[in-house]
Amino acid sequence: MMPPGEIEFGIRGQSMKVTFTGTGGGGSYAHDRGGASVMLENDAGVILLDCGPGVMRRVFRASVDIGDIGAVFITHLHYDHAIGLAELFNMFGRRRGDPPRIFGPRGITEYVENCKKLIIT
């Protein structure tokens with residue numbers, strides 16, 4: 001039996017695990033829900049859909065090596081969907097590995113650069 005918040009399914013012979021790593025939004029983080037984020041895992045690696053506050057704690061709780069995160073897709077630049085990028089960059093900086101590729105709406109490049117400045121300075 002899988003833990004709550006996880007789903008496995010297969011597409012054309014490939015298995016994928018879906019973990020809801022944050023289901024709160026708009027400032028609603030009661031009961032350890034965290035900011036919006038979904039983690040997709042398969043043999044090719046890990047993708048995060050949104051990166052809300054507290055997402056890294058949930059990634060670690062799912063026993064995922066952050067080095068396996070290959071990409072992060074940000075749907076929009078609200079705090080509850082994107083502030084976890086700063087924490088993600090901090091974790092990668094400690095590992096000295098290459099951070100994942102970040103995809104998102106207009107303004108994502110500036111947002112990412114500002115998150116990196118928070119970590120470097």
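1. Five bridges connect strand 3 to strand 4 (residues 45–49), and the two strands run antiparallel. The model discussed here is a predicted one, and these remarks begin from this pair of strands before moving outward to their neighbours. The link between strand 3 and strand 4 is a hairpin that passes through two residues, and within the pairing E41 stands opposite V46 in strand 4.

2. Strand 3 covers residues 37–42 and is mostly covered, with five of its six residues buried. On another side of the pairing scheme, strand 2 (residues 14–22) is joined to strand 3 by five bridges, and these two strands also run antiparallel. Here G22 stands opposite S37 in strand 3, so that residue is worth keeping in mind for the point on D50 below.3. E41, which lies in strand 3, deserves a careful look. E41 is buried yet has no salt bridge, and the nearest side chain of opposite charge, that of K17, is 4.1 Å away. Because a salt bridge is counted here only within 4 Å, the separation of 4.1 Å between E41 and K17 does not qualify. When neighbours within four places in sequence are left aside, the residues in contact with E41 are S15, M16, K17, T19, V46 and V64. V46, one of these contacts, is also the residue that E41 stands opposite in strand 4.

4. Which residues of strand 4 point to the buried face, and which to the other? The side chains alternate along the strand: V46 and L48 point to one face and are buried, whereas G45, I47 and L49 point to the other and are not. This follows a general pattern, because in a regular strand the side chains alternate between the two faces of the sheet.

5. Strand 4 also pairs with strand 5 (residues 69–73), in the parallel sense and over four bridges. In that pairing L49 stands opposite F73 in strand 5. L49 itself lies in strand 4 and is partly exposed, with a relative accessible area of 34%. Together with F73 and F103, L49 makes a nonpolar surface patch of about 220 Å². Patches take in residues with over 30% relative accessible area, and L49 is above that cut-off because its value is 34%.

6. Where does D50 lie? D50 lies in the loop between strand 4 and helix 1 (55–61), and at 7% relative accessibility this loop residue counts as buried. Not counting residues up to four places away in sequence, D50 touches A36, S37, F73, I74, T75, H76 and H81. One of these, S37, is 13 residues from D50 in sequence, while the two are 4.7 Å apart in space, C-alpha to C-alpha. Another, F73, is the residue of strand 5 that L49 stands opposite.

7. Backbone angles at two loop residues merit a check by eye. Phi of D50 is near 70°, a positive value in a residue other than glycine, and phi of S63 is near 60°, likewise positive in a residue other than glycine. S63 lies in the loop between helix 1 and strand 5. As for cover, S63 counts as exposed at 68% relative accessibility, whereas D50 counts as buried at 7%.

8. For the chain as a whole, there are four helices and six strands, and from the N terminus on the elements run β-β-β-β-α-β-α-α-β-α. Buried residues make up 39% of the 121 residues in the chain. Among contacts between residues at least 6 apart in sequence, 48% join residues that are at least 24 apart. The chain exposes about 7300 Å², of which carbon and sulfur atoms supply 55%.

Key
Residues are numbered from 1 along each chain as its sequence is written. This is a predicted model: local features need pLDDT of at least 70, side-chain atom pairs count only at pLDDT 80 or more; totals for chains, interfaces and linings use all residues. Side-chain values use heavy atoms; hydrogens and water are left out. Buried means under 20% relative accessible area, exposed over 50%, partly exposed in between (1.4 Å probe, protein chains only). Two strands pair if DSSP finds at least two bridges between them. Patches are made of residues with over 30% relative accessible area and no salt bridge: like charges are joined within 9 Å, nonpolar side chains (Val, Leu, Ile, Met, Phe, Trp, Tyr) within 5 Å. Accessible areas come from the Shrake-Rupley method with a 1.4 Å probe; for residues, only the protein chains shown count as cover. Lys and Arg count as positive and Asp and Glu as negative; His and the chain ends are not counted. Contact means heavy atoms within 4.5 Å.
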